[in-house]
Amino acid sequence: NTLRFNAAAFYYDYHDYQALTFAGLSQFIDNSDAELYGADLDLVWLPTERWDLQLGASFLHTNVDQVVVHGVPVKNTEMVLAPNFTLNGLARYEYPLANNRALSFQLDFNHQGDHYFDITNSPVSHEKAYTVFNARIGLRWNDKLSFALWGKNITGEEYRVYTFDFTGPAGFGTFVGKTQPC
């Protein structure tokens, strides 16, 4: 009763998948057939009453048949924000204190595989794989009150959270949003 494994496989066949495209500063919705399939895996292990270990992985394949940008068809692209592989994990230790209180220590991570921010899969919108680590120390005072100190992205990994590619005939540039390490 200390180990649990979950797995799920899925397949979606889209007709009229809606893809957002840009022409200059104008946005357009283009409909296309698309498909995606993949699997999610999840492992939870509680080796003792104090330890909680978790690991999850996702595998994803996406394909959008065709979108039209500036009158030009772009065929067989990946969906936006759809990495082929993700991995996450967590290790948590809880130390009991007097009066049913507890102190907890936690480290976790999230790995995102390569992905795109636009449906044309332009090189400007490609984000390389990255991994973010977080840490948390918590104090459970009672069933209704707890305190926590946490750090997000403790290794200072820089990665983009979105881009908009306005390049092309209009001659505009690319707008990029990045994370700020704490």
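**Briefing on an all-strand predicted model**

Aspartate 16 is exposed, having a relative accessible area of 54%. The place of this aspartate is in strand 1, and together with Asp13, Asp33 and Asp65 it forms a negative surface patch. The model described here is predicted. Its secondary structure comprises zero helices and twelve strands, and 30% of the 182 residues of the protein count as buried.

**Overall architecture**

- From the N terminus on, the elements follow the order β-β-β-β-β-β-β-β-β-β-β-β.
- The count of helices is zero, while the count of strands is twelve.
- Of the 182 residues, 30% fall into the buried class.

**Pairing of strands 1 to 4**

- Strand 1, which covers residues 3-23, pairs with strand 2, which covers residues 26-45; the sense is antiparallel and the pairing runs over 19 bridges.
- Within strand 2, isoleucine 29 is the bridge partner of leucine 20.
- Strand 2 also pairs in the antiparallel sense with strand 3 (residues 51-69), here over twelve bridges.
- An example of a bridge partner in strand 3 is asparagine 63, which is matched with glutamate 35.
- Five residues lie between strand 2 and strand 3, and the two strands form a hairpin.
- Strand 3 in turn pairs with strand 4 (residues 72-77), in the antiparallel sense and over five bridges.
- In strand 4, valine 74 serves as the bridge partner of valine 67.
- Strand 3 and strand 4 form a hairpin with two residues between the strands, and in this hairpin histidine 70 takes a positive phi near 55°.

**The negative surface patch**

- Four aspartates, Asp13, Asp16, Asp33 and Asp65, make up a negative patch on the surface.
- Aspartate 16, a member of this patch, is located in strand 1.
- With its relative accessible area of 54%, aspartate 16 counts as exposed because the cut-off for that class is over 50%.

**Salt bridges**

- The structure holds three salt bridges.
- In one of them, the side chains of arginine 92 and glutamate 94 meet at 3.4 Å, N to O.
- Arginine 92 is partly exposed, at 24% relative accessibility, and glutamate 94 is likewise classed as partly exposed, at 25%.
- Glutamate 94 also takes part in a salt bridge with arginine 140, in which the closest N and O atoms are 3.4 Å apart.
- That pair links distant parts of the chain, with arginine 140 in strand 9 (residues 130-140) and glutamate 94 in strand 5 (residues 85-96), 46 residues apart.
- Arginine 140 has a relative accessibility of 27% and therefore counts as partly exposed.
- Glutamate 127 forms a salt bridge with arginine 160, and their closest N and O atoms are 2.7 Å apart.
- This second long-range pair also connects distant parts of the chain: glutamate 127 belongs to strand 8 (residues 126-127) and arginine 160 to strand 11 (residues 160-165), 33 residues apart.
- Glutamate 127 counts as buried at 8% relative accessibility, and arginine 160 is buried as well, with a relative accessible area of 13%.
- Arg92, Glu94 and Arg140 are joined into one network by salt bridges that share partners.

**Asparagines with positive phi**

- Most residues other than glycine have a negative phi.
- Asparagine 99 is not a glycine, yet its phi is positive, at about 60°.
- Asparagine 99 is placed in the loop between strand 5 and strand 6 (102-112).
- The relative accessible area of asparagine 99 is 61%, so this residue is exposed.
- Asparagine 100, although not a glycine, has a positive phi of about 65°.
- Asparagine 100 is found in the loop between strand 5 and strand 6.
- Asparagine 100 is exposed, with a relative accessible area of 56%.

How values were computed. Residues are numbered from 1 along each chain as its sequence is written. This is a predicted model: local features need pLDDT of at least 70, side-chain atom pairs count only at pLDDT 80 or more; totals for chains, interfaces and linings use all residues. Side-chain values use heavy atoms; hydrogens and water are left out. Two strands pair if DSSP finds at least two bridges between them. Helices (H or I, at least four residues) and strands (E, at least two) are DSSP runs, numbered from the N terminus. Patches are made of residues with over 30% relative accessible area and no salt bridge: like charges are joined within 9 Å, nonpolar side chains (Val, Leu, Ile, Met, Phe, Trp, Tyr) within 5 Å. Accessible areas come from the Shrake-Rupley method with a 1.4 Å probe; for residues, only the protein chains shown count as cover. Lys and Arg count as positive and Asp and Glu as negative; His and the chain ends are not counted. The place of a charge is taken as NZ of Lys, CZ of Arg, CG of Asp or CD of Glu. Buried means under 20% relative accessible area, exposed over 50%, partly exposed in between (1.4 Å probe, protein chains only).
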